[in-house]
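Colleague: I'm new to this one, and I'd like to understand the reasons behind the labels people put on it. Could you take my questions in turn?

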Amino acid sequence: KHNMFALSTGEFIPHDEALIADLESELLKVDQTQKAYNARFKTDEEHEAFRISKKDKIRIEAITAKLNESNKRTIANLCKRFAISGIKHIAMENLDGFQGSRLHSTDKNGLNLLRLHLRTGLSSLKDEFTHIAPKYGLLVSLVQPEYTSKMCGHCGCIDDRNRQTQEE
C-alpha cells in the first residue's frame with residue numbers, strides 16, 4: 001500500500017502494516033457478509049437493507065482507534081527526530097480536496113480503497129502534524145500539491161521522468 005509520509009530525503013515512513021492488514025481483513029469480512037445478505041434477499045422487499053453488526057462495528061472502530069494512535073506516535077517521533085537533527089521548518093503538501101478522489105476502485109481482494117483511505121485517517125495526518133510539530137519547535141508550511149511529485153527536490157525541474165512509479 002502507500003506510505004504515510006515520503007520525505008524529501010527519499011525516506012518513506014510507513015503505516016503500521018499489521019493494523020492496516022487487520023483493518024482490511026475486518027472490512028472484507030463485512031463486505032462478504034453484505035454480498036451474501038444481498039444475494040439472499042435481493043428480491044425480498046420485506047427485508048431491510050444490510051446493516052453492519054454491532055460486533056463488527058466495534059471491532060472496526062477499535063482497529064481504527066489503534067491506527068489513529070499509531071499515526072500520532074509516528075508523527076510525534078518524526079517531529080522529535082527533526083528537532084534533534086536541527087530541522088526547524090517542514091513543508092507539506094496540502095491535500096485538502098483530494099479526499100481519496102482517485103480511490104473509487106477496489107484492490108485485488110475486492111476492498112473499496114476509498115473506504116480504507118477514510119478509515120486510516122490519511123486525511124487528518126496534515127492536521128495532526130500541524131498540531132504536534134509546534135510542540136517540538138517546528139514550523140509547518142503547506143504547499144499546493146500540483147507537480148510536487150514530479151519536481152526535482154534539488155533544482156526544481158518538473159519532468160515526468162522524476163517520478164518513476166507511484167512510490168518513487
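Modeller: Happy to; we'll go through salt bridges, burial, helices, strands and cores.

Modeller: Please keep in mind that this is a predicted model.

Colleague: Let's begin with charges. What makes glutamate 11 and arginine 81 a salt bridge?

Modeller: Their side chains come to 2.6 Å, N to O, and the cut-off is within 4 Å, so the pair qualifies. Glutamate 11 sits in the loop between β1 (5-6) and β2 (12-13), while arginine 81 belongs to helix α2 (residues 54-84), so the pair links parts that are 70 residues apart in sequence.

Colleague: Why are glutamate 11 and arginine 81 called partly exposed?

Modeller: Glutamate 11 has a relative accessible area of 30%, and arginine 81 has 37%. Buried would need under 20% and exposed over 50%, so both fall in between and are partly exposed.

Colleague: How many salt bridges are there in the structure?

Modeller: Six. Another one joins the side chains of glutamate 26 and arginine 59, at 2.8 Å, N to O. Glutamate 26 is in helix α1 (residues 17-41) and arginine 59 is in helix α2, so this pair ties together parts 33 residues apart in sequence.

Colleague: And how do you know whether glutamate 26 is buried or exposed?

Modeller: Its relative accessibility is 9%; the limit for buried is under 20%, so glutamate 26 counts as buried. Its partner arginine 59, with a relative accessible area of 29%, is partly exposed.

Colleague: What makes glutamate 69 and lysine 72 a salt bridge?

Modeller: The distance is 3.7 Å, N to O, and that is within 4 Å, so the definition is met. Both residues lie in helix α2, three residues apart, which is about one turn of the helix. Glutamate 69, at 41% relative accessibility, and lysine 72, at 31%, both count as partly exposed. There is also a network: salt bridges with shared partners join Glu26, Lys29, Asp56 and Arg59.

Colleague: On to the helices. How do you know that the span of α1 is close to the expected one?

Modeller: α1 has 25 residues and reaches 36 Å from its first C-alpha to its last, and 36 Å is what 1.5 Å a residue would lead you to expect. For α2, with 31 residues, the reach is 45 Å, close to the expected 45 Å.

Colleague: What is found at the ends of these helices?

Modeller: At the start of α1, a side-chain oxygen of aspartate 16 comes to within 3.1 Å of the backbone nitrogen of alanine 18. After α2 comes glycine 86, whose phi is positive, near 90°.

Colleague: Why is lysine 88 called exposed?

Modeller: Lysine 88 has 55% relative accessibility, and exposed means over 50%, so the label fits. You'll find lysine 88 in the loop between α2 and β3. Leaving out neighbours within four places in sequence, lysine 88 is in contact with Gly137, Leu138 and Leu139.

Colleague: Which side chains of strand β3 are buried?

Modeller: Ile90 and Met92, which point to one face of β3 (residues 89-93); His89, Ala91 and Glu93 point to the other face and are not buried.

Colleague: What makes β3 and β4 a pair of strands?

Modeller: At least two bridges are needed, and β3 and strand β4 (residues 139-143) have five, in the parallel sense, so they count as paired. In one of these positions, isoleucine 90 has valine 140 of β4 as its bridge partner.

Colleague: Why is isoleucine 13 called buried?

Modeller: Isoleucine 13, in strand β2, has 9% relative accessibility; under 20% is buried, so it qualifies. Isoleucine 13 is 62 residues from isoleucine 75 in sequence, yet their C-alpha atoms are 9.5 Å apart in space.

Colleague: Finally, which residues have the most contacts inside the largest nonpolar core?

Modeller: Phe5, Ile75, Leu78, Cys79, Phe82 and Phe129, in a core of 17 residues. α2, β3 and α4 (125-132) each supply at least two residues of this core, and α2 gives the most, with five. A second, separate core has nine residues, among them Leu19, Leu23, Leu27 and Leu67.

Methods
Residues are numbered from 1 along each chain as its sequence is written. This is a predicted model: local features need pLDDT of at least 70, side-chain atom pairs count only at pLDDT 80 or more; totals for chains, interfaces and linings use all residues. Side-chain values use heavy atoms; hydrogens and water are left out. Buried means under 20% relative accessible area, exposed over 50%, partly exposed in between (1.4 Å probe, protein chains only). Helices (H or I, at least four residues) and strands (E, at least two) are DSSP runs, numbered from the N terminus. The expected span of a helix is 1.5 Å times one less than its number of residues. A polar contact is a pair of N or O atoms within 3.5 Å; within protein, one must be able to donate a hydrogen and the other to accept it, and residues adjacent in sequence count only if both atoms are side-chain atoms. Contact means heavy atoms within 4.5 Å. A nonpolar core is a set of buried Ala, Val, Leu, Ile, Met, Phe, Trp, Tyr and Cys residues joined through side-chain atoms within 4.5 Å.
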